[in-house]
Each structure stands twice: as C-alpha cells, then as structure tokens.
Amino acid sequence: MNPICKRLRRIVALAAAAAATGCVPYPVIKTLQPATEVRVTDNAGQPLPGVDVSLIATMYPMHLEHHRETRQTDAQGLVQFDSRHDLRVESLMLHGSVEFYWNLCITQPDYATVETRYGASHAWPSQFVFALQPGDPTPCRDTRKMSGQR
C-alpha cells in the first residue's frame, strides 16, 4: 500500500475516533459578562448612591462561580458593567458546552440585601431597577468556595 494512503487512513481513523468520543476541540467566543445597567432607589423612589452592586458570573453545568465584579452606584443610583468576552477552546461533551449565566447581589447598610436567581443567559435583561427595602443586610452568597477561588 502506498505510504501516503496509509498515513491518510491513519489520520482519518484518528479524527473519526476523536469525533466519536466527543473530544473535538473547537474555538468559540463566550460572553463572560453582559453589558448591564442597574438603578438602585429607596422604597420612595429616591436614588441611593454608594450601594455595592456585584455582578456574579457562573458556569453551567458545573454551577461554579467564574468571577464577580463589584461596583458602587453613583449619585443618581446608577452603576454600569461593561461586557466581557473570551475566545475559548472547548470540546463537545455529553452535557453540551460550558455556558455562562449571571446574577446580581445588592448590599447597603440599613437595607435588606437583594440577590437575583437567574439560571440561564437568555433570561438576562440589560437593565434593572431595584427599590431597596429597609432591613438588615446579609452577605452575598459566596459560591467561590465551591470553585476553589479565594
């Protein structure tokens, strides 16, 4: 048999085996964090400056925190987060590919903490308005411990 044909058959066989096991890497651009605007007011609708707003990015299907970014509202009670994207190399797996989804945690002394519970990226709106209620603040859930981050 021709050495070139033999080599070509070997390459095709290896590619077919890799495809059958789901280990075919491919490049993909993922949204790690969407552009988001958050307005925070008190229960009378007045803007609250200096409120801590955390945008938390979580990876599915592992449900592990990838990163969080915390900013403070300005004098108008607004905070904006820029979008962040990453070129990644992934491979097909039985559960599909890694997806990101996001949640917010809003904390301010003398006000009850607000945490969103989104579980899918398609449900994420680009703008939020929250009216904080008086109460005792609680710490934001710390999902970094599960993912080994500190």
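The legends below describe close-up views of a predicted model, taking some of its salt bridges in turn and then one of its sheets.

**View 1. A salt bridge between Arg-84 and Glu-69.** Among the 8 salt bridges that the structure holds is the one between Arg-84 and Glu-69, whose closest N and O atoms are 3.9 Å apart. The pair links distant parts of the chain, since Arg-84 belongs to strand β6 (residues 84-91) while Glu-69 belongs to strand β4 (residues 64-72), with the two positions 15 residues apart in the numbering. The partners have their own degrees of exposure: Arg-84 is partly exposed, at a relative accessible area of 34%, whereas Glu-69, at 16% relative accessibility, counts as buried because it falls under the limit of 20%.

**View 2. A salt bridge between Glu-115 and Arg-141.** In this view the side chains of Glu-115 and Arg-141 form a salt bridge, and their closest N and O atoms lie 3.3 Å apart. Glu-115 lies in strand β8 (residues 111-115) and Arg-141 in the loop between β9 (127-131) and α2 (144-147), so the salt bridge ties together parts that are 26 residues apart in sequence. Glu-115 counts as partly exposed, with a relative accessibility of 24%, and Arg-141 likewise counts as partly exposed, with a relative accessibility of 34%.

**View 3. A network of salt bridges that includes Asp-86 and Arg-88.** Side chains of opposite charge can pair when their charged atoms come close. Here the side chains of Asp-86 and Arg-88 meet in a salt bridge, with an N to O distance of 3.8 Å, and Asp-86 is partly exposed, its relative accessible area being 29%. Both residues belong to one network, in which salt bridges that share partners join Lys-30, Asp-86, Arg-88, Glu-90 and Glu-99.

**View 4. An open sheet of 3 strands.** The strands of this open sheet follow the order β5-β2-β9, and their pairing is mixed. Strands β5 (78-81) and β9 stand at the edges, where each has a single partner strand, so one side of each is left without a neighbour in the sheet. From one strand to the next, the twist averages 15 degrees.

**View 5. The pairing of strands β2 and β5.** Strands of a sheet pair through backbone hydrogen bonds, either parallel or antiparallel. Strand β2 (residues 36-41) pairs with β5 in the antiparallel sense, and the pairing extends over 4 bridges. Within this view, Val-38 stands opposite Val-79, a residue of β5.

Note on methods
Residues are numbered from 1 along each chain as its sequence is written. This is a predicted model: local features need pLDDT of at least 70, side-chain atom pairs count only at pLDDT 80 or more; totals for chains, interfaces and linings use all residues. Side-chain values use heavy atoms; hydrogens and water are left out. A salt bridge is a side-chain nitrogen of Lys or Arg within 4 Å of a carboxyl oxygen of Asp or Glu. Buried means under 20% relative accessible area, exposed over 50%, partly exposed in between (1.4 Å probe, protein chains only). Two strands pair if DSSP finds at least two bridges between them. Axes are lines fitted to C-alpha atoms, for helices over the stretch in contact, and angles run from 0 to 180 degrees between N-to-C directions.
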